[in-house]
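Please open the structure in your viewer and keep the selection tool at hand. The stops below say what to select next and what is to be found there.

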Amino acid sequence: MNILERAEKAAELKKNGVCNCAQAVASVLADQTDLSEEELMKINAGFAVGMGNMEATCGALIGAVIMAGLSQEGRGTVRTAKQMSVQFVKKTGASLCKDLKGRDTKVVFCPCEDCVRNAVLIYGETVGLKE
């Protein structure tokens, strides 16, 4: 499955309510780690509705950064996380769930499915995953 197909599958998992945003990202990138999809689902379970119930970072971005850390075995992950965060904001308009969803402003920057799709694509761009 190429990165575009992974991104679409993640968006579909989120849209269908199968996973939260972080889990959807982790699910389609599970083969990038030694962990099982079930383990990744558990690791990412707490990041529904962004971290802190919309108060902090988007779960899709968190899921992508977790997967980068696992796939890079922790080497260079801080730099990778910064790159991913910058790209995510460029594509979506924000990194905080409450801002992306317009909780306070009523202006939605990016629907969850698009956040998930963008996070997978950004992961691919940043770590060089095309397939």
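## A loop and its backbone

Begin by selecting V49, which lies in the loop that runs between helix 3 (37–43) and helix 4. As you look, bear in mind that this is a predicted model, in which local features are described where pLDDT is at least 70. The phi of V49 is near 55°, a positive value in a residue other than glycine. Most residues other than glycine have a negative phi. With a relative accessible area of 43%, V49 is partly exposed.

Next, move the selection to E73, whose place is in the loop between helix 4 and helix 5. E73 also calls for a look at the backbone, for its phi is positive, at about 55°, although it is not a glycine. E73 is exposed, its relative accessible area being 56%.

## Helix 4 and helix 2

Now select helix 2 (residues 21–28) together with helix 4 (residues 59–71), and turn the view until both axes can be followed. Two packed helices are described by the angle between their axes and the distance between the axes. For helix 2 and helix 4, the axes come within 6 Å and cross at roughly 35°, and the crossing is right-handed. To see the contact itself, show the side chains of C21, A22, V25 and A26 in helix 2, and the residues G59, A60, G63, A64 and M67 in helix 4, which together make it. Sorted by class, the contact of helix 2 with helix 4 has seven nonpolar residues, two polar ones and no charged ones.

## Helix 4 and helix 5

Keep helix 4 selected and add helix 5 (residues 77–92), whose axis comes within 10 Å of the helix 4 axis and crosses it at roughly 150°. An angle over 145 degrees counts as roughly antiparallel, so helix 4 is roughly antiparallel to helix 5. This crossing of helix 4 and helix 5 is right-handed. On the helix 4 side, display L61, A64, V65, A68 and G69, which meet T77, T80, A81, M84, S85 and F88 of helix 5. By class, the contact of helix 4 with helix 5 has seven nonpolar and four polar residues, and no charged residue takes part.

## Helix 4 and helix 7

With helix 4 still in view, exchange helix 5 for helix 7 (112–127). Helix 4 and helix 7 pack at an angle of about 25°, with their axes 8 Å apart. Because angles under 35 degrees count as roughly parallel, helix 4 is roughly parallel to helix 7. Helix 4 passes helix 7 in a right-handed crossing. Select A60, L61, A64, M67, A68 and S71 in helix 4, and then C115, V116, A119, Y123 and V127 in helix 7, which they meet. The residues of the contact of helix 4 with helix 7 divide into 10 nonpolar, one polar and no charged.

While helix 7 is on the screen, pick out N118, which is found in this helix. Is N118 buried or exposed? At 14% relative accessibility, N118 counts as buried. Once its neighbours within four places in sequence are left aside, N118 is in contact with K91, T92 and C110.

## The cysteines

Select the cysteine sulfur atoms next. A disulfide is a covalent bond between the sulfur atoms of two cysteines. Taking a pair of sulfur atoms within 2.5 Å as the rule, the count of disulfides comes to zero. C58 is in no disulfide, and the nearest cysteine sulfur, that of C115, is 4.3 Å away. C58 is buried, with a relative accessible area of 4%. For C112, the closest cysteine sulfur is in C21, at 4.0 Å, which is too far for a bond. C112 is partly exposed, at a relative accessible area of 23%.

## After helix 7

For the last stop, select K130, which is found in the segment after helix 7 (112–127). K130 counts as exposed, at 62% relative accessibility. Which residues does K130 contact, leaving aside its neighbours within four places in sequence? K130 is in contact with N2 and I3. Add I3 to the selection and draw a line from C-alpha to C-alpha: K130 and I3 are 127 residues apart in sequence and 5.3 Å apart in space.

Key. Residues are numbered from 1 along each chain as its sequence is written. This is a predicted model: local features need pLDDT of at least 70, side-chain atom pairs count only at pLDDT 80 or more; totals for chains, interfaces and linings use all residues. Side-chain values use heavy atoms; hydrogens and water are left out. Axes are lines fitted to C-alpha atoms, for helices over the stretch in contact, and angles run from 0 to 180 degrees between N-to-C directions. Helices (H or I, at least four residues) and strands (E, at least two) are DSSP runs, numbered from the N terminus. A crossing is left-handed if the near helix is turned anticlockwise from the far one by less than a right angle, and right-handed if clockwise. Contact means heavy atoms within 4.5 Å. Ala, Val, Leu, Ile, Met, Phe, Trp, Tyr, Cys and Pro count as nonpolar, Asp, Glu, Lys and Arg as charged, and the others, Gly among them, as polar. Buried means under 20% relative accessible area, exposed over 50%, partly exposed in between (1.4 Å probe, protein chains only). Angles under 35 degrees count as roughly parallel, over 145 as roughly antiparallel, 65 to 115 as roughly perpendicular and the rest as oblique.
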